[in-house]
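I opened a fresh page for this one and went through the side chains pair by pair. Here are my notes, in the order I looked things up.

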Amino acid sequence: MKKRVPLTAIMTRDPVTVDLHASLSTVKEMMARHGYRHFPVVSGDELVGIISQTDVMRLSFGNLFDGQEEIDGTMLDMLTTEQVMMSNPTSVPVDCTVGEVAHLLIRVDFHALPVVDGRKIVGIVSTTDVIRYFMEQSE
């Protein structure tokens, strides 16, 4: 099994990003539109955080109350991405290998890592990307 393969072989290049000051309603809509569960958060070109579907859903009342959609919408409009995101996220350099990323993901409690060149976001890699790669190698 090839663990020294460059991360660039499996990462999503030029990921969809969220502006630091975006409302959570905007983030939730982007998640639905793009089908992604994690978004790097940027200020200009610089990575400043990451926000996940779990971060957004944690603020939802789900189906607990009648009319909850309005409550959820109000809550999401009151908060910004900056208030909910994970600041200064763990990231990996673009010259990392798939094996190095796999070892890091085993040790941490999150499922996606921004890929950076300096502080500039150039990609994102998820546990799904790593698992898919290793499954393809074992076939």
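**Entry 1: salt bridges.** I began with a search of the whole structure, which is a predicted model, and it gave me three salt bridges. I took them one at a time.

I looked at arginine 33 and glutamate 29 to start with. Their closest N and O atoms are 2.6 Å apart, and the two form a salt bridge. Where do arginine 33 and glutamate 29 sit relative to each other? Both belong to helix 1 (residues 24–34), and because they are four residues apart there, about one helical turn separates them. I also checked how open each partner is. Arginine 33 has a relative accessibility of 53%, so I noted it as exposed. Glutamate 29 comes out at 40%, so it went down as partly exposed.

Next I turned to glutamate 46 and arginine 119, whose side chains meet in a salt bridge with an N to O distance of 3.7 Å. Which parts of the chain does this pair link? I found distant ones: glutamate 46 is in strand 4 (residues 46–52), while arginine 119 lies in the loop between strand 7 (112–117) and strand 8 (120–126), and the two positions lie 73 residues apart in numbering terms, that is, they are 73 residues apart. Glutamate 46 is partly exposed, with a relative accessible area of 40%. Arginine 119 is partly exposed too, at 40% relative accessibility.

Then came arginine 132 and aspartate 129, with side chains that meet in a salt bridge at 3.7 Å, N to O. They are three residues apart in helix 6 (residues 127–138), so about one helical turn separates them. Is aspartate 129 buried or exposed? I get 13% relative accessibility for aspartate 129; buried means under 20%, so this residue counts as buried. Its partner, arginine 132, is partly exposed at 44%.

**Entry 2: aromatic pairs.** I ran the same kind of search for rings, and the whole structure holds two aromatic pairs. For tyrosine 36 and phenylalanine 39 I noted ring centres 6.1 Å apart and planes at 65°. Why is this pair edge-to-face? Planes over 60 degrees apart count as edge-to-face, and 65° is the angle here, so the label follows. Tyrosine 36 is partly exposed, with a relative accessible area of 38%, whereas phenylalanine 39 is buried at 0%.

The other pair is tyrosine 133 with phenylalanine 134, also edge-to-face, with 5.2 Å from centre to centre and 70° between the planes. I checked burial here as well: tyrosine 133 and phenylalanine 134 are both buried.

**Entry 3: aspartate 55.** I wanted to know what surrounds this acid. Aspartate 55 is in helix 2 (residues 53–57) and is buried, with a relative accessible area of 14%. What lies 2.9 Å from a polar atom of its side chain? I found the backbone nitrogen of serine 52 there. Setting aside neighbours within four places in sequence, aspartate 55 is in contact with Ile50 and Val84.

**Entry 4: helix 5.** My last look was at helix 5 (residues 98–107), where Val98, Gly99, Val101, Ala102, Leu104 and Leu105 are buried. What covers these residues? My list includes strand 6 (92–93), strand 7, strand 8 and helix 6.

Note on methods:
Residues numbered from 1 in each chain as written. Predicted model: local features only at pLDDT ≥ 70, side-chain atom pairs only at ≥ 80, totals over all residues. Heavy atoms only, no water. Phe/Tyr/Trp six-rings, centres within 6.5 Å; stacked < 30°, edge-to-face > 60°. Buried < 20%, exposed > 50% of the residue type's maximum accessible area, 1.4 Å probe, protein only. Polar contact = N/O pair within 3.5 Å; in protein donor to acceptor, adjacent residues only side chain to side chain. Contact = heavy atoms within 4.5 Å. Salt bridge = Lys/Arg side-chain N within 4 Å of Asp/Glu carboxyl O.
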